[in-house]
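What follows is a walk through one protein chain, residue by residue, with the structure at hand. Please keep the sequence and the 3D view open while reading.

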Amino acid sequence: MEKVETIYLVSCVGGKRAIPAPAKDLYQSDWFIKARTYVEARGSRWFILSAKHGLVQPDEVISPYEQTLNTMGISERRNWARLVQKQMDERMPDAGRIVILAGQRYREFLIDYLKGRARTVEVPMEGLQIGKQLSWLGNHTAHVSPR
């Protein structure tokens, strides 16, 4: 599999369209739309971390669902992370840098694995509340030019 400079991982969100759609279009919250705009402006590969499907490519068509890691117990989240790691081994190229735009529950059991896959693993909005994340995404998207 090829190696890329940077890969972005973006978590799924609760607000979704009512019909099946490419994953990048299924999620409809302000946060997801800003995160998508942010990663697409950089021109790098990106994937969605779905509580139901695991690792999802942006153009992969999926149906709406109601599932979140925030309501899962620790053993369910560990199982989810094992599934995602397996999917990453199969579908995700190696990268020099991985940037995670996802909450603690979506990254807690993936960080160590990802550090073995890339030189650098970044969580640029770590510790920020949702309002500050929206502001961060807006500020950082406004100043980037596509590669």
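In this predicted model, Ala-23 has a relative accessible area of 0%, so Ala-23 is buried. Ala-23 belongs to helix H1, which covers residues 23–26. Which residues does Ala-23 contact, once its neighbours within four places in sequence are left aside? They are Phe-32, Ile-48, Val-56, Gln-57, Pro-58, Glu-60 and Ile-62. Ser-63 is 40 residues away from Ala-23 in sequence, and the C-alpha atoms of the two are 8.6 Å apart in space.

One of the contacts of Ala-23 is Val-56, a residue of strand E4 (residues 54–56). Along the chain Val-56 and Ala-23 are 33 residues apart, yet 7.3 Å separates their C-alpha atoms. Val-56 counts as buried because its relative accessibility is 0%. Apart from residues up to four places away in sequence, Val-56 touches Ala-23, Phe-47, Ile-48, Ser-50 and Ile-62. Ile-48 and Ile-62 are thus among the residues that touch Val-56, and they are also among those in contact with Ala-23.

The next topic is the nonpolar interior. In soluble globular proteins, nonpolar side chains tend to be buried together. Here the largest nonpolar core has 48 residues. Within this core, Leu-9, Tyr-27, Leu-49 and Leu-101 have the most contacts. Leu-101 can serve as an example: beyond four places in sequence, Leu-101 touches Leu-9, Val-10, Ser-11, Trp-31, Ala-35, Tyr-38, Val-39, Pro-124, Met-125 and Leu-137.

A charged residue can also be found away from the surface. Lys-16 lies in the loop that runs between strand E1 (3–11) and strand E2 (21–22). Lys-16 is buried, but it has no salt bridge. Where is the nearest side chain of opposite charge? That side chain belongs to Glu-66, 4.6 Å away from Lys-16. A salt bridge requires a side-chain nitrogen of Lys or Arg within 4 Å of a carboxyl oxygen of Asp or Glu, which is why a distance of that kind does not qualify. A polar atom of the Lys-16 side chain does lie 3.1 Å from the backbone oxygen of Tyr-65. Leaving out residues up to four places away in sequence, the contacts of Lys-16 are Leu-26, Tyr-27, Gln-28, Pro-64 and Tyr-65.

Aromatic rings come next. A pair of aromatic rings is described by the distance of the centres and the angle of the planes. The structure holds six aromatic pairs. In one of them, formed by Trp-80 and Tyr-106, the ring centres are 5.7 Å apart and the planes are at 80°, so the pair is edge-to-face. This pair links distant parts of the chain, with Trp-80 in helix H3 (residues 74–91) and Tyr-106 in helix H4 (residues 104–107), 26 residues apart. Trp-80 and Tyr-106 are both buried. Elsewhere, ring pairs join Tyr-27, Phe-32, Trp-46 and Tyr-65 into a cluster. Tyr-27 and Tyr-65 of this cluster are also among the residues that Lys-16 touches.

Salt bridges are the last topic, and the structure holds nine of them. Arg-117 forms one with Asp-94, their closest N and O atoms being 3.1 Å apart. This pair links distant parts of the chain: Arg-117 is in the loop between helix H5 (111–115) and strand E7 (120–122), while Asp-94 is in strand E6 (residues 94–101), 23 residues apart. Arg-117 counts as buried because its relative accessibility is 12%, whereas Asp-94, at 38%, counts as partly exposed.

Another salt bridge joins Arg-97 and Glu-122, with 2.9 Å between the closest N and O atoms. Here strand E6 supplies Arg-97 and strand E7 supplies Glu-122, 25 residues apart. Both ends are partly exposed, Arg-97 with a relative accessible area of 22% and Glu-122 with 27%.

Glu-126 and Arg-107 also meet in a salt bridge, 3.4 Å from N to O. Glu-126 lies in the loop between E7 and helix H6 (130–142), and Arg-107 lies in helix H4, 19 residues apart. Is each partner buried or exposed? Glu-126 counts as exposed because its relative accessibility is 53%, and Arg-107 counts as buried because its value is 7%. Finally, Asp-25, Arg-36 and Glu-40 are linked in a network of salt bridges.

Notes
Residues numbered from 1 in each chain as written. Predicted model: local features only at pLDDT ≥ 70, side-chain atom pairs only at ≥ 80, totals over all residues. Heavy atoms only, no water. Core = buried A, V, L, I, M, F, W, Y, C linked by side-chain atoms within 4.5 Å. Buried < 20%, exposed > 50% of the residue type's maximum accessible area, 1.4 Å probe, protein only. Contact = heavy atoms within 4.5 Å. Helix = DSSP H or I, 4+ residues; strand = E, 2+ residues; numbered from the N terminus. Lys, Arg positive; Asp, Glu negative; His and termini not counted. Polar contact = N/O pair within 3.5 Å; in protein donor to acceptor, adjacent residues only side chain to side chain. Phe/Tyr/Trp six-rings, centres within 6.5 Å; stacked < 30°, edge-to-face > 60°.
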